[in-house]
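Visitor: Could you take me through one part of this model in detail? I would like to see how a single helix sits against its surroundings.

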Amino acid sequence: VAFPVGIWSSPECSYFGLSSQQAKERGYEAAEGLALYRESLRGCVFSPDGMLKLVFDTKTGVILGVHIVGQDACELIHYGMELVRGGRTVYDVTKNMYSAVTFHELYQIAARACLDPAAARKRRRDAGAAWAELYKSTQNLRRNE
């Protein structure tokens, strides 16, 4: 894809670069790293439903594609496009500093997931459990009103 694709729906969807399947068809040893919106501070505060996925080459760490579903996905994809076009790696992204309370933190979370998938699954499971507990407690408060 030569340009970022965005669908202004609810939720928004966007992508740039290759999918895992496309990357494998082109000879890359492709894998994915995932970040849930609820794992970022902005996601926790404003919009927990969404995800960002990085497709990368396991041999080099080069980011081959970015896929986003959630609030501001059509804005966030432009940074992903620059990562792909610039030949940046997941290692580069883990070293970057992102300002607080922005969705750009998702890129770093996904890059870390690329490097340690087991820890990432545990973090996502813990985030999901915390949100389920929060939802349960709000439902109990409503019943007691």
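Guide: Here is a close look at helix α3, followed by the sheet and the chain around it.

A word on the source: this is a predicted model, in which local features need pLDDT of at least 70 and side-chain atom pairs count only at pLDDT 80 or more, while totals for chains, interfaces and linings use all residues. Residues are numbered from 1 along each chain as its sequence is written, and side-chain values use heavy atoms, with hydrogens and water left out.

Helix α3 covers residues 73–85, 13 residues in total; helices here are DSSP runs of H or I with at least four residues, strands are runs of E with at least two, and both are numbered from the N terminus. From first C-alpha to last, α3 reaches 18 Å, close to the 18 Å expected at 1.5 Å a residue (the expected span is 1.5 Å times one less than the number of residues). Just after α3, G87 takes a positive phi of about 65°.

Now to the buried residues of α3: A73, C74, L76, I77, G80, M81, L83 and V84. Buried means under 20% relative accessible area, exposed over 50%, and partly exposed in between, with a 1.4 Å probe and protein chains only. An α-helix has 3.6 residues a turn, so residues three or four places apart point the same way. The cover over the buried residues of α3 includes the strands β1 (5–7), β2 (13–17) and β5 (63–70), along with the helices α4 (90–95) and α5 (105–115); contact means heavy atoms within 4.5 Å.

Those three strands also appear in the packing: α3 lies across β1, β2 and β5, and runs at about 175° to β5. Axes are lines fitted to C-alpha atoms, for helices over the stretch in contact, and angles run from 0 to 180 degrees between N-to-C directions.

The sheet itself is open, with five strands in the order β1-β2-β5-β4-β3 and antiparallel pairing. Because β1 and β3 (30–36) stand at the edges with a single partner strand each, one side of each is left without a neighbour in the sheet. The twist averages 10° from one strand to the next. Two strands pair if DSSP finds at least two bridges between them; β1 and β2 do so over three bridges, in the antiparallel sense, and V5 stands opposite Y15 in β2.

Stepping back, the protein chain has six helices and five strands, following the pattern β-β-α-β-α-β-β-α-α-α-α along the sequence. Buried residues make up 39% of its 145 residues.
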